[in-house]
Amino acid sequence: MKYSVLLLTCVALAGCDLAMPDVLKRKPDSAASTVPSGTSDTRPVVRPEAPDEGGETDRVVAAPGSLGRTVVSLGDAAEPGSWLKTPLVATTRPGRVTYKGKWVAVTLIPIDGASGAGSRMSLQAMHLLGLPLTELTEVEVIAQ
């Protein structure tokens with residue numbers, strides 16, 4: 001009897017690699033997580049990304065400061081980096097997101113929609129802020 005339980009356990013564990021999503025199998029991008037030697041900076045590396053190749057927008061480019069509050073959900077978990085895709089900005093720019101006294105540096109990336117339409121945040125940024133991945137959470141967005 002105990003051999004059959006052991007055999008079933010081995011068979012079940014052997015199939016685990018096949019059922020694992022590709023997102024979990026990926027190794028982190030070494031260029032994105034590398035901090036130059038001799039520094040103790042623990043903030044995530046912010047890489048500016050190219051804006052979407054859509055048509056021109058009529059949104060005004062905001063000055064540094066608070067852009068307002070937005071409700072965030074988890075964006076593409078396979079997309080590395082610390083970013084926020086939001087209709088609160090017209091161009092890609094550096095910024096910060098704050099939640100309950102914590103903040104994280106992000107790349108703000110424009111998306112279509114009304115300013116109250118909500119935003120999508122990277123897995124890394126959500127983790128650093130301690131946000132629940134399966135819930136909608138309101139955060140403050142600040143342009144730099």
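Leaving aside neighbours within four places in sequence, with which residues is L84 in contact? In this predicted model, where contact denotes heavy atoms within 4.5 Å, L84 is in contact with V72, V97, V106, T107, L108, I109, S119, R120, M121 and V141. Residues are numbered from 1 along each chain as its sequence is written, and side-chain values use heavy atoms, with hydrogens and water left out. Local features need pLDDT (the predictor's confidence in each residue, from 0 to 100) of at least 70 and side-chain atom pairs count only at pLDDT 80 or more, whereas totals for chains, interfaces and linings use all residues.

L84 also belongs to the largest nonpolar core, a set of buried Ala, Val, Leu, Ile, Met, Phe, Trp, Tyr and Cys residues joined through side-chain atoms within 4.5 Å, in which L84, V97, M121 and L131 touch the most other members among 18 residues. At least two residues of this core come from each of β1 (65-74), β3 (93-99), β4 (102-110), α5 (123-129) and β6 (137-143), the elements being DSSP runs numbered from the N terminus (helices H or I, at least four residues; strands E, at least two). Along the sequence, the five helices and six strands follow the pattern α-α-α-α-β-β-β-β-β-α-β.

Of the 144 residues, 30% count as buried, that is, under 20% relative accessible area with a 1.4 Å probe and protein chains only.

The mean pLDDT of the chain is 73, with 56% of residues reaching 70 or more. Over residues 17-60 pLDDT stays under 50, and the model has 41 contacts beyond four places in sequence for this stretch. Where pLDDT is low, the predicted coordinates should not be read in detail.

Methods: Buried means under 20% relative accessible area, exposed over 50%, partly exposed in between (1.4 Å probe, protein chains only).
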